[in-house]
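Student: Before we discuss this protein, may we have its sequence and structure in view?

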Amino acid sequence: MRNVLLPIILLMIVVSSVFANVSLASENAKLVVENGYARESIPGTSISSAYMTIKNLSAKNIRLIGAASAVSDRIEIHQHTMSDGLMRMRQRDYVEISAQNSTVFQPSGFHLMIFDLKQPLKAKENIIITLSFDDQSSIDVNYTVQGLKQKKHEHH
């Protein structure tokens with residue numbers, strides 16, 4: 001009897017692990033992060049910022065609640081807003097990404113503030129930032145560091 005049960009138990013474990021992997025893949029596919037980039041740090045400072053577009057492909061709203069990286073022990077979610085003609089930057093506890101919608105993180109809007117950099121960020125480097133969401137999921141995102149110098153716009 002024991003010899004008959006062992007193959008059945010092993011088969012159940014294999015089938016369960018296959019379905020668990022499929023479930024994890026579909027869970028991770030509900031969020032897509034595109035156009036991720038970070039700013040080169042200004043010489044003499046230890047801060048930077050990061051931007052991206054987060055697409056929520058699921059049928060439920062989800063909240064970005066945190067970020068972490070090896071480049072810094074402190075990354076915060078921030079938002080620029082206009083108030084009484086003044087631009088203000090405020091820390092946010094989360095950013096809600098609506099179901100079947102996108103939220104853009106860009107200069108003068110939502111962004112990640114990276115404080116206390118362990119070393120300066122240089123143009124063309126890549127850094128990984130792990131984004132954490134309120135459904136207990138997380139995504140490792142590759143950000144390309146963009147230089148401080150902007151291309152000059154030529155007039156004709």
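Student: Is Lys-124 buried or exposed?

Tutor: The model is predicted. Lys-124 has a relative accessibility of 74%. Because the threshold for the exposed class is over 50%, Lys-124 counts as exposed.

Student: Where does Lys-124 lie, and what is the sign of its phi?

Tutor: Lys-124 is placed in the loop between strand 8 and strand 9. Most residues other than glycine have a negative phi. Lys-124 is not a glycine, yet its phi, about 75°, is positive.

Student: In which loop is Gln-100 found, and what is its phi?

Tutor: Gln-100 belongs to the loop between strand 6 and strand 7. With a relative accessible area of 57%, Gln-100 is exposed. Gln-100 is a residue other than glycine with a positive phi, near 55°.

Student: What is the order of elements from the N terminus on?

Tutor: The protein has 1 helix and 10 strands. From the N terminus on, the order is α-β-β-β-β-β-β-β-β-β-β.

Student: Over which residues is the pLDDT below 50?

Tutor: The mean pLDDT of the protein is 84, and 77% of its residues reach 70 or more. One stretch with pLDDT below 50 has 0 contacts in the model beyond near neighbours in sequence. That stretch is residues 9-27.

Student: How many residues of strand 2 are buried?

Tutor: Of the 156 residues of the protein, 32% count as buried. Strand 2 is mostly covered. The count of buried residues in strand 2 is 8 of 9.

Student: With which strands does strand 2 pair, strand 1 included, and over how many bridges in the case of strand 7?

Tutor: Strand 1 and strand 2 pair in the antiparallel sense over 6 bridges, with Glu-34 opposite Thr-53. Strand 2 also pairs antiparallel with strand 8 over 3 bridges, where Ser-48 stands opposite Ile-114. In strand 7, Phe-105 is the bridge partner of Met-52. Strand 2 and strand 7 run antiparallel, and the number of bridges joining them is 5.

Student: Is Asn-56 buried or exposed, and which backbone oxygen lies 3.4 Å from a polar atom of its side chain?

Tutor: Asn-56 lies in strand 2. Its relative accessibility is 2%, so Asn-56 counts as buried. Beyond its neighbours within four places in sequence, the contacts of Asn-56 include Lys-30, Asn-61, Ile-97 and Gln-100. The backbone oxygen at 3.4 Å from a polar atom of the Asn-56 side chain is that of Ser-98.

Student: What distance separates the C-alpha atoms of Asn-56 and Thr-103?

Tutor: Asn-56 and Thr-103 are 47 residues apart along the chain. In the protein, residues 24 or more positions apart account for 66% of the contacts with a separation of 6 or more. The C-alpha atoms of Asn-56 and Thr-103 are separated by 8.4 Å.

Student: Where is Ser-41 placed, and which backbone nitrogen lies 2.8 Å from a polar atom of its side chain?

Tutor: Ser-41 is in the loop between strand 1 (31-39) and strand 2 (48-56). Its relative accessible area is 7%, so Ser-41 is buried. Not counting residues up to four places away in sequence, Ser-41 touches Ile-47, Leu-117, Pro-120, Leu-121 and Leu-148. The backbone nitrogen at 2.8 Å from a polar atom of the Ser-41 side chain is that of Leu-121.

Student: Which residue takes a positive phi in the hairpin of strand 4 and strand 5?

Tutor: Strand 4 and strand 5 pair in the antiparallel sense over 7 bridges, and Gln-91 in strand 5 is the bridge partner of His-78. Strand 4 is also joined to strand 8 by 6 bridges, again antiparallel, with Ile-75 opposite Ile-114. The hairpin of strand 4 and strand 5 has 2 residues between the strands, and the residue with a positive phi, near 55°, is Asp-84.

Student: Which residues touch the most other members of the largest nonpolar core?

Tutor: The core has 27 residues. Among the elements that give two or more residues to this core are strand 1, strand 2, strand 9 and strand 10. Ile-54 is in contact with residues including Leu-64, Leu-131 and Phe-133. The residues that touch the most other members are Ile-54, Leu-64, Leu-112, Ile-127, Ile-129, Leu-131 and Tyr-143.

How values were computed:
Residues numbered from 1 in each chain as written. Predicted model: local features only at pLDDT ≥ 70, side-chain atom pairs only at ≥ 80, totals over all residues. Heavy atoms only, no water. Helix = DSSP H or I, 4+ residues; strand = E, 2+ residues; numbered from the N terminus. Buried < 20%, exposed > 50% of the residue type's maximum accessible area, 1.4 Å probe, protein only. Polar contact = N/O pair within 3.5 Å; in protein donor to acceptor, adjacent residues only side chain to side chain. Contact = heavy atoms within 4.5 Å. Pairing = 2+ DSSP bridges. Core = buried A, V, L, I, M, F, W, Y, C linked by side-chain atoms within 4.5 Å. pLDDT = per-residue confidence, 0-100.
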